[in-house]
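I opened the model today and kept notes as I went. The entries follow the order in which I looked things up.

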Amino acid sequence: MSRRRGTELEDAILDAAREELAELGYAKSTMSGIANRAGTSKAVLYRRWSSLPELVLDTLRSRFTNVPVPDTGDLRDDVLDLLRQAQTNLGDTRRDTVSGLIADTVHDPRLAQRLRDLIANSALSDAMSTVLKRAAERGQIPPGPWPRRVITLPISLLRDDFVVFGIWPSDADLAAVADEVFLPLLGYASPSSVVRNGDRPSSEHRG
């Protein structure tokens with residue numbers, strides 16, 4: 001077998017890390033175990049990642065490198081589409097993987113910053129920002145800019161339910177986050193309630 005390099009090798013390692021985490025959990029996963037599954041050496045892993053938490057963080061990041069941006073014509077539908085993508089992409093992630101990683105950030109400020117950056121600057125967050133801009137152009141919400149904390153709010157709420165309470169979000173949970181928290185915060189108006197400028201009577205024709 002030819003020697004793997006670059007992206008091919010990294011993909012094999014990330015796949016092996018996902019398998020290790022799914023089978024053993026965060027606490028029992030090791031760099032040696034992941035190297036064995038990937039058919040490489042532990043030294044190769046350490047040339048790319050300084051620790052297991054750093055590698056685990058990249059396995060989570062890799063699930064959101066390609067996020068299709070929905071464009072349904074309605075912000076609510078677009079938001080729910082993105083939340084369902086998150087639900088699907090993290091569907092086989094064990095609770096202890098996320099909680100264990102968060103616990104390790106307590107003693108590792110660099111890891112904590114990387115985790116914050118992952119949430120704030122992921123392809124999922126960029127996609128959410130895009131659908132908000134489109135909704136503002138349609139007149140469904142007031143124009144931005146929106147703080148990153150607002151853009152990442154729906155995912156953060158679902159993550160907290162998963163990590164703290166062990167609740168994997170159902171479709172009803174996704175709708176509740178959108179309808180009860182996120183959309184009201186943005187000042188959302190559904191397509192049927194948006195009055196377009198061309199349909200609004202001018203003041204000189206009002207009775």
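**Entry 1: the annotated span.** I began with the record. UniProt, in an unreviewed entry, places the feature "DNA-binding region" at residues 30-49. I am working on a predicted model, and I checked what that span looks like in it. Residues 30-49 are 75% helix and 0% strand. The C-alpha atoms at the two ends of the span lie 13 Å apart.

**Entry 2: the whole chain.** Next I took stock of the fold. I find 11 helices and zero strands in the protein chain. Read along the sequence, the pattern is α-α-α-α-α-α-α-α-α-α-α. The chain has 207 residues, and buried residues make up 41% of them. I then looked at contacts between residues at least 6 apart in sequence: 71% of these join residues at least 24 apart. The chain exposes about 11500 Å². Carbon and sulfur atoms supply 51% of that area.

**Entry 3: helix H6.** Which residues of helix H6 are buried? I list Thr-97, Val-98, Gly-100, Leu-101 and Thr-105, in a helix that runs over residues 95-105. Viewed down the axis of H6, these buried residues fall within an arc of 165°, so they line one face of the helix. I asked next what they pack against. The partners are helix H1 (6-24), helix H4 (52-62), helix H7 (109-120) and H10.

**Entry 4: Thr-93.** I stepped back along the chain to the loop between helix H5 (75-89) and H6, where Thr-93 lies. Is Thr-93 buried or exposed? Its relative accessible area is 12%, under the 20% cut-off, so Thr-93 counts as buried. I then looked up its neighbours, leaving out residues up to four places away in sequence. Thr-93 touches Leu-60, Arg-63, Val-98 and Phe-162. Val-98 is also one of the buried residues of H6.

**Entry 5: salt bridges.** How many salt bridges does the structure hold? I count 15. I went through three pairs and one network.

The pair I took up to begin with is Arg-18 with Asp-15, whose closest N and O atoms are 2.5 Å apart. Both residues lie in helix H1, three residues apart, about one turn of the helix. An α-helix has 3.6 residues a turn, so residues three or four places apart point the same way. Arg-18 is partly exposed at 23% relative accessible area. Asp-15 is partly exposed too, at 39%.

Then I turned to Glu-23 and Arg-37. Their closest N and O atoms are 3.1 Å apart. Glu-23 lies in helix H1 and Arg-37 in helix H2 (residues 31-38), so this pair ties together parts 14 residues apart in sequence. Glu-23 counts as exposed, with 53% relative accessibility. Arg-37 is partly exposed, with a relative accessible area of 32%.

The next pair is Asp-126 with Arg-148, at 3.3 Å between the closest N and O atoms. It links distant parts of the chain, with Asp-126 in helix H8 and Arg-148 in helix H9, 22 residues apart. Asp-126 is partly exposed at 37% relative accessibility. Arg-148 is partly exposed at 33%.

Last, the network. Salt bridges link Glu-10, Glu-54, Asp-58, Arg-61, Arg-110 and Arg-114.

**Entry 6: a cis peptide.** Most residues other than glycine have a negative phi, and most peptide bonds are trans. I noted a cis peptide bond here, joining Gly-144 and Pro-145. Omega is about 10°. Where is Pro-145 found? I place it in the loop between helix H8 (123-138) and helix H9 (148-151).

**Entry 7: a surface patch.** My final stop was the surface. Val-164, Phe-165 and Ile-167 form a nonpolar patch there. Together they have about 300 Å² of accessible area. Val-164 lies in helix H10, which covers residues 153-165. With a relative accessible area of 52%, Val-164 is exposed. H10 also appears in Entry 3, among the helices that the buried residues of H6 pack against.

Technical notes
Residues are numbered from 1 along each chain as its sequence is written. This is a predicted model: local features need pLDDT of at least 70, side-chain atom pairs count only at pLDDT 80 or more; totals for chains, interfaces and linings use all residues. Side-chain values use heavy atoms; hydrogens and water are left out. Patches are made of residues with over 30% relative accessible area and no salt bridge: like charges are joined within 9 Å, nonpolar side chains (Val, Leu, Ile, Met, Phe, Trp, Tyr) within 5 Å. Accessible areas come from the Shrake-Rupley method with a 1.4 Å probe; for residues, only the protein chains shown count as cover. A salt bridge is a side-chain nitrogen of Lys or Arg within 4 Å of a carboxyl oxygen of Asp or Glu. Helices (H or I, at least four residues) and strands (E, at least two) are DSSP runs, numbered from the N terminus. Buried means under 20% relative accessible area, exposed over 50%, partly exposed in between (1.4 Å probe, protein chains only). The arc is that of the directions from the helix axis to the C-beta atoms. Contact means heavy atoms within 4.5 Å. UniProt positions are given in the numbering used here, feature names are shortened, and annotations may be inferred rather than shown by experiment.
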